[in-house]
Amino acid sequence: MKPTLIMFYGYTGTGKSTTSKCLNEKLLLLNKSSLLIKTADFRGKKKSEIPANYFDDNILENKIHRDKIYQAGIKFAEEKINDTEIIILDSAFTKKHRRQW
């Protein structure tokens, strides 16, 4: 079977993580091989440890760091795509260039 990538993206607080988690749980109940990848897990910091201006892409250092996090999530998905039927990628990806890698 050809692997499937399902990508949830959008603004903070819109339900991406909740929907991704529910979908992953449902797939597992249906005996589907699925993997949930959240780019937030690649940050290396808890949400409470992130500075208020972290999501400001006008600050070059923040933009570069966040680009690396998104790229790490995508790379991990690429590495795992043949090990499972379905990969669910949960990330903001609000900037179009990050969705095109």
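This tutorial dialogue reads selected features of a predicted model.

User: What should be kept in mind about numbering and confidence before reading this model?

Analyst: Residues are numbered from 1 along each chain as its sequence is written, and the model is predicted, with local features needing pLDDT of at least 70, side-chain atom pairs counting only at pLDDT 80 or more, and totals for chains, interfaces and linings using all residues. Side-chain values use heavy atoms, with hydrogens and water left out.

User: How many helices and strands does the protein have, and in what order do the elements run?

Analyst: Helices (H or I, at least four residues) and strands (E, at least two) are DSSP runs, numbered from the N terminus. Here there are 3 helices and 3 strands, and from the N terminus they follow the order β-α-β-α-β-α. The C-alpha trace spans about 45 × 25 × 20 Å along its principal axes. Contact means heavy atoms within 4.5 Å; among contacts between residues at least 6 apart in sequence, 70% join residues at least 24 apart.

User: How is a pocket recognised, and what is the volume of the largest pocket?

Analyst: Rolling a probe the size of a water molecule over the atoms shows where empty space is left. On a 1 Å grid over the protein atoms alone, with a 1.4 Å probe, a pocket is an open set of points with protein on both sides within 12 Å along at least five of seven lines, and lining residues have an atom within 4 Å of a point. Grid points are joined across faces, edges and corners, and the volume is the space filled by probe spheres set on the points. The largest pocket has a volume of about 590 Å³; 25 residues line it, and the closest to its centre are T12, K16, R43, F55 and A92. Helix 1 (16-29) and helix 2 (60-80) each contribute at least two residues to this lining, which divides into 7 nonpolar, 10 polar and 8 charged residues, where Ala, Val, Leu, Ile, Met, Phe, Trp, Tyr, Cys and Pro count as nonpolar, Asp, Glu, Lys and Arg as charged, and the others, Gly among them, as polar.

User: Which residues form the salt bridge, and are they buried or exposed?

Analyst: A salt bridge is a side-chain nitrogen of Lys or Arg within 4 Å of a carboxyl oxygen of Asp or Glu. The structure holds 1 salt bridge, in which the side chains of D67 and K63 meet at 3.1 Å, N to O; both residues lie in helix 2, 4 residues apart, about one turn of the helix. Buried means under 20% relative accessible area, exposed over 50%, and partly exposed in between (1.4 Å probe, protein chains only). D67 counts as buried because its relative accessibility is 12%, whereas K63, at 27%, counts as partly exposed.

User: Where does S91 lie, and which residues is it in contact with?

Analyst: S91 sits in the loop between strand 3 (86-90) and helix 3 (96-99), and S91 is buried, since its relative accessible area is 2%. Apart from neighbours within four places in sequence, S91 is in contact with F8, Y9, G10, K16, T39 and Y70. S91 and T39 are 52 residues apart in sequence but 5.5 Å apart in space, C-alpha to C-alpha.

User: What is the phi of N31, and where is N31 found?

Analyst: Most residues other than glycine have a negative phi. N31 has a positive phi of about 60 degrees although it is not a glycine; N31 is found in the loop between helix 1 and strand 2 and counts as exposed because its relative accessibility is 70%.
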